[in-house]
Amino acid sequence: MNTKRSRVQTLRAVVQWVMFILVAAIALVKYLKESGVVIPLPEISLHAVCPFGGVVTVYEFLTTGGLIQKLHSSALVLMALGLVVAFFFGPIFCGYFCPLGTWQEWIGKLGKRIFKRKYNRLLPSFIDKYLRYLRYIVLVLVVYQTAVTAKLVFADVDPYYALFNFYTGEVALSALLILAAVTVLSLFVERPWCKYFCPYGALLGLFNLIRVFPVRRREETCINCKKCDVACPMNIKVSTAKAVRDHQCISCHECLSGVACPVEDTVIISSAKGGRQA
Amino acid sequence: MKIRPQTAIVLSILFVLAGILGSWALGWWQTQTDRTPQRLESQRLEDMTSPSQAGAYDPDDIRGSYTFEDINRFYEVPLADLAAAFTVDTDRAAGFKVKDFETIFPDPDGEIGTSSMKLFVAWYKGLPYELKEESFLPAPAAAILREKAEITLEQEEYLNTHTLETQE
Ligand code: SF4
Ligand code: SF4
């Protein structure tokens, strides 16, 4: 079990590190070039490599054929590619690629040390349950506001942009405060931004309802140890499901056999039709 | 069909890379910062005050990263007027960035900033511009507006209360 477990988790950690460093480097190069430092690298805006930028500009693109201010066609391309990937494998972007998700996980490691098994289980479930729909409201509001104003309104509250540009002096105070709040909250709750607020996570999460390859649990071999439940950062009850169709799954693969599940071939990714769904 | 997580990840990465490469080949992959401001014609029609302004660049889209040369190029305000208005040496005016106002107007409240340049350009060129925050102008800028631009009575009143004396 250990070799397999380490492979999936190692791969995830490597992808997360690479993405984090890549995005940080893109932001730094842009900042240095704008400050007059000569670097033989292209100046790329962070908005150009954020697929959520594609989501907010879709209305502008469909109605005028143009993009909203500060956005680039690459954001639309990334959005389309991300949606196709989500259709097959779910929100892999969240589980592996998003540097803000990674940031929250890193802070969460500290939270786990402090709160041990209580970590990520501190919020009463009746509040938590409803709060998880908040991100859809954020999604609708952001898309609507962007469509009406034709401006990148989300930038003023975007913790992702703030995380990589906090030193440039170009980040709105509101975004910095939200980043600080998300960071502190991550000490208590795993991925609070992803769970409650992220509009892109909300959109990708919907693909869990239809994804071709969901996480599935084989009842015949499951020993009901609930290790999959404990491992899930999004508190999904994998142990009672045949197929995970929860809108909050981030495709992190932490629950799978060989990772959390101790029984081989029991929690898997498969397109075969299952019964009960989580 | 069962699929290993590693396979799902590798397939996803390959798909995204292929997509980026394909879109790049088709000319859809554009990541460079486009320094061109938006044109007024793509704005809502009610913002337009006269048909002659259609096609002009939107002064509201002036960014802190713009140099005086950029502003001269896009908005056709003479470099000499920009330099005089904001008390920047003529020989370094072309490369001077709007966001560097704080180095010459070290006001703790940051009253002269990017929005001051937006205001100056808009009124200098008679372009529609909605004041969203209180913007101040250095005295020479106000003088240039009074001398060279067709400002309204309302704008004149605004200048009377929003002009800051600068130390030369
Ligand atoms: S939910 Fe949002 S912040 Fe979280 S990993 Fe996904 S895109 Fe990133
Ligand atoms: S159900 Fe599994 S893959 Fe989905 S978020 Fe939970 S641990 Fe990750």
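**A walk through the two-chain model**

Let us start where the chains meet: chain A brings 40 residues to the contact and chain B brings 30 residues. Please keep in mind as you look around that this is a predicted model. The size of an interface is often given as the accessible area lost when the parts come together. Here, the area buried between chain A and chain B is about 3000 Å², and carbon and sulfur atoms give 61% of that area. If you would like some residues to click on, try Glu34(A), Leu81(A) and Phe89(A), which supply 16% of the area that chain A buries against chain B, more than any other three residues.

The two chains also share a sheet. It is an open sheet of three strands in the order 1(A)-2(A)-1(B), with antiparallel pairing. Strand 1 (215-217) of chain A and strand 1 (2-3) of chain B stand at the edges with a single partner strand each, so one side of each has no neighbour in the sheet. Within chain A, strand 1 and strand 2 (residues 267-270) run antiparallel and are joined by three bridges. To find your way along this pairing, look for Val215(A), whose bridge partner in strand 2 of chain A is Ile269(A).

Now turn to the helices of chain A, with helix 11 as our guide. The axis of helix 11 (residues 199-206) comes within 9 Å of the axis of helix 3 (residues 73-89) of chain A, and the two cross at roughly 40 degrees. Helix 3 and helix 11 of chain A are therefore oblique to each other, and their crossing is right-handed. On the helix 3 side, Met79(A), Gly82(A), Leu83(A) and Ala86(A) make the contact, and they meet Tyr200(A), Leu203(A) and Leu204(A) of helix 11. By class, this contact between helix 3 and helix 11 of chain A has six nonpolar residues, one polar and no charged ones.

Helix 11 of chain A has a contact with helix 7 (residues 134-149) of chain A as well: their axes come within 8 Å and cross at roughly 110 degrees. That angle makes helix 7 of chain A roughly perpendicular to helix 11 of chain A. Helix 7 takes part through Arg135(A), Tyr136(A), Val138(A) and Leu139(A), while helix 11 offers Pro199(A), Gly201(A), Ala202(A), Leu203(A), Gly205(A) and Leu206(A). The residues of this contact divide into seven nonpolar, two polar and one charged. Notice that Leu203(A) appears here and also in the contact with helix 3.

Our last stop is in chain B. There, the axes of helix 7 (residues 139-148) and helix 8 (residues 153-161) come within 10 Å and cross at roughly 160 degrees, which makes helix 7 of chain B roughly antiparallel to helix 8 of chain B. The crossing of these two helices of chain B is left-handed. Ala142(B), Leu145(B) and Arg146(B) of helix 7 meet Glu156(B), Leu159(B) and Asn160(B) of helix 8. This contact in chain B has three nonpolar, one polar and two charged residues.

Conventions
Residues numbered from 1 in each chain as written. Chains lettered and ligands numbered in written order. Predicted model: local features only at pLDDT ≥ 70, side-chain atom pairs only at ≥ 80, totals over all residues. Heavy atoms only, no water. Axes fitted to C-alpha atoms, helices over the stretch in contact; angles between N-to-C directions. Helix = DSSP H or I, 4+ residues; strand = E, 2+ residues; numbered from the N terminus. Parallel < 35°, antiparallel > 145°, perpendicular 65-115°, else oblique. Left-handed = near helix turned anticlockwise from the far one by under 90°. Contact = heavy atoms within 4.5 Å. Nonpolar A, V, L, I, M, F, W, Y, C, P; charged D, E, K, R; others polar. Pairing = 2+ DSSP bridges. Buried area = accessible area lost by both parts, 1.4 Å probe.
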